[in-house]
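Student: I would like to take a close look at a single strand and its partners, and then see how other parts of the model compare in kind. Please explain each term as it appears.

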Amino acid sequence: MTNIHAHRKIRKTAVSLALAAVLAAGGSLSPAGASAETHEASARYAITPQPVTVDGSSAVIPVIYSEGSTYIGLRALTEHLGLAIDWDAGERAASVTGRGRTLKVYPDTGVYTLNVNRLYGELPILQDGSLYVPLRFLLERLGYGVSYDQASRTIEVETIQENPLQIVTVTTDGGHPLVDAQYPQIEGFADTAVMGKINETLKKENEAQIAEGIRQLGEAEKWNSELKTDNPEIETPQSAYSASYVVTYNENGRLSLYSDYYFYGGGAHGSTVRQGYTFDLKTGELLTLQEAAGSKDYVGIINREVQKQIGDTGLYLIAPFESVEPDRDYFLTHEGLVIYFQQYEYTAYAEGMPEFIIPYASFK
């Protein structure tokens with residue numbers, strides 16, 4: 001079962017590719033007689049030469065800018081980052097391998113996998129026989145930091161020095177046919193006691209969320225069954241529950257990630273609840289927002305940044321934002337501490353889950 005979460009704003013036009021021969025040869029992508037559509041089949045995108053630095057070395061790469069995102073050609077990943085690319089005809093997936101990870105791109109669906117961890121992102125763009133993938137999304141999943149220098153208009157890519165551990169994925173249906181859940185565990189960490197504590201926390205948290213999802217599925221299926229009995233001509237939709245996760249930070253003795261718990265019981269769309277988890281790798285304990293910020297005035301600092309970013313972006317609110325809670329949920333990234341709004345909390349469903357990056361320097 002594959003659910004595309006609404007907050008990812010995925011464009012759903014299918015992409016049909018025939019990539020094996022050209023990728024194996026190290027060339028650009030070619031339709032080779034196949035139907036070659038982009039996620040916006042009628043659109044033509046300008047290919048822009050973009051200055052970048054990779055760990056201090058300068059280069060110029062071809063990119064596409066679309067709806068606020070930057071897309072990089074797969075060939076540039078090999079030439080400038082040393083990442084390997086390949087095409088699996090059986091899975092119909094392009095793969096990017098490096099730093100002990102393999103990220104697979106399924107162009108037809110907009111689904112990605114990192115090793116076996118299912119991720120959701122924007123559809124890649126196929127144009128003139130070349131495949132372009134969302135730059136920040138892809139590189140951050142592979143352990144690179146991405147930033148933009150406004151003065152020089154340069155994208156800066158740096159290899160992150162990560163904590164010595166590996167992330168593995170547990171996949172479970174919780175004993176229910178409508179459940180498709182994944183959650184993380186860590187392996188290879190020297191302090192086995194800390195590792196065990198973190199893994200137990202993540203296991204218990206996700207088991208509790210899955211149990212709640214199964215309860216909701218039971219209610220939805222009962223309601224749909226009663227509706228079908230009263231109205232035999234009505235087609236009732238199939239309920240579904242899924243869980244996925246994204247590791248957002250694995251540096252400086254801290255591990256941060258979030259899990260998205262998605263439920264669909266009928267209607268126009270499902271709903272997603274996001275839960276952030278940030279661990280201290282010295283103790284295995286979850287860090288509070290204040291501990292992560294490291295400032296007594298963290299609430300005021302966060303409020304000012306969130307208000308500023310709401311104003312700068314013109315984000316439309318359905319409820320006024322006044323202040324974060326002292327124990328507000330959050331997660332960390334390479335750029336800063338991230339506060340996010342849940343669906344419908346302050347914004348309409350179409351806005352997804354707005355995120356606000358508070359730079360670490362703000363707390364100094």
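Tutor: What follows begins with the whole protein, turns to one strand in detail, and then visits some further sites.

This is a predicted model, in which local features need pLDDT of at least 70 and side-chain atom pairs count only at pLDDT 80 or more, while totals for chains, interfaces and linings use all residues. Residues are numbered from 1 along each chain as its sequence is written, and side-chain values use heavy atoms, with hydrogens and water left out.

The protein contains six helices and 20 strands. Helices (H or I, at least four residues) and strands (E, at least two) are DSSP runs, numbered from the N terminus. Of the 364 residues, 47% are buried; the word means under 20% relative accessible area, whereas exposed means over 50% and partly exposed lies in between (1.4 Å probe, protein chains only). The accessible surface amounts to about 17,000 Å², and 52% of this belongs to carbon and sulfur atoms. Such areas come from the Shrake-Rupley method with a 1.4 Å probe, and for residues only the protein chains shown count as cover. Contact means heavy atoms within 4.5 Å; among contacts between residues at least 6 apart in sequence, 54% join residues at least 24 apart.

The strand chosen for the close look is β7, residues 111-114. In a regular strand the side chains alternate between the two faces of the sheet. In β7, Val-111 and Thr-113 point one way, Tyr-112 and Leu-114 point the other way, and all are buried.

Strands of a sheet pair through backbone hydrogen bonds, either parallel or antiparallel. Two strands are said to pair if DSSP finds at least two bridges between them. Strand β6 (residues 101-106) is joined to β7 by four bridges, and the two run antiparallel. One bridge partnership links Leu-103 to Leu-114 in β7. The two strands form a hairpin with four residues between them, and in its turn Gly-110 has a positive phi of about 80°.

β7 is also joined by four bridges to strand β8 (residues 117-120), again in the antiparallel sense. Here Tyr-112 stands opposite Leu-119 in β8. The hairpin of β7 and β8 has two residues between the strands, and Asn-115 takes a positive phi near 55°.

That last value leads to two further sites. Most residues other than glycine have a negative phi, and most peptide bonds are trans. Arg-92 has a positive phi of about 55° although it is not a glycine. Arg-92 belongs to the loop between β4 (84-88) and β5 (93-98), and because its relative accessibility is 31%, Arg-92 counts as partly exposed. Arg-153, likewise not a glycine, has a positive phi of about 55° and lies in the loop between β11 (144-149) and β12. Arg-153 counts as exposed because its relative accessibility is 57%.

Next in sequence is Thr-154, in strand β12 (residues 154-159). Thr-154 is buried because its relative accessible area is 10%. Its side chain makes a polar contact with the side chain of Ser-152 (3.0 Å). A polar contact is a pair of N or O atoms within 3.5 Å; within protein, one must be able to donate a hydrogen and the other to accept it, and residues adjacent in sequence count only if both atoms are side-chain atoms. Beyond its neighbours within four places in sequence, Thr-154 is in contact with residues including Gln-50, Pro-51 and Tyr-148.

Gln-50 is also touched by Val-63, whose other partners, not counting residues up to four places away in sequence, include Ala-46 and Tyr-71. Val-63 lies in strand β2 (residues 57-66) and is buried, with a relative accessible area of 0%.

A last region is an open sheet of three strands, in the order β18-β19-β20, with antiparallel pairing. Its edge strands are β18 (331-332) and β20, each of which pairs on one side only. β19 and β20 pair over five bridges, and Ile-339 has Phe-356 in β20 as its bridge partner. The loop between β19 (336-340) and β20 (355-359) holds Tyr-344, which at 47% relative accessibility counts as partly exposed.
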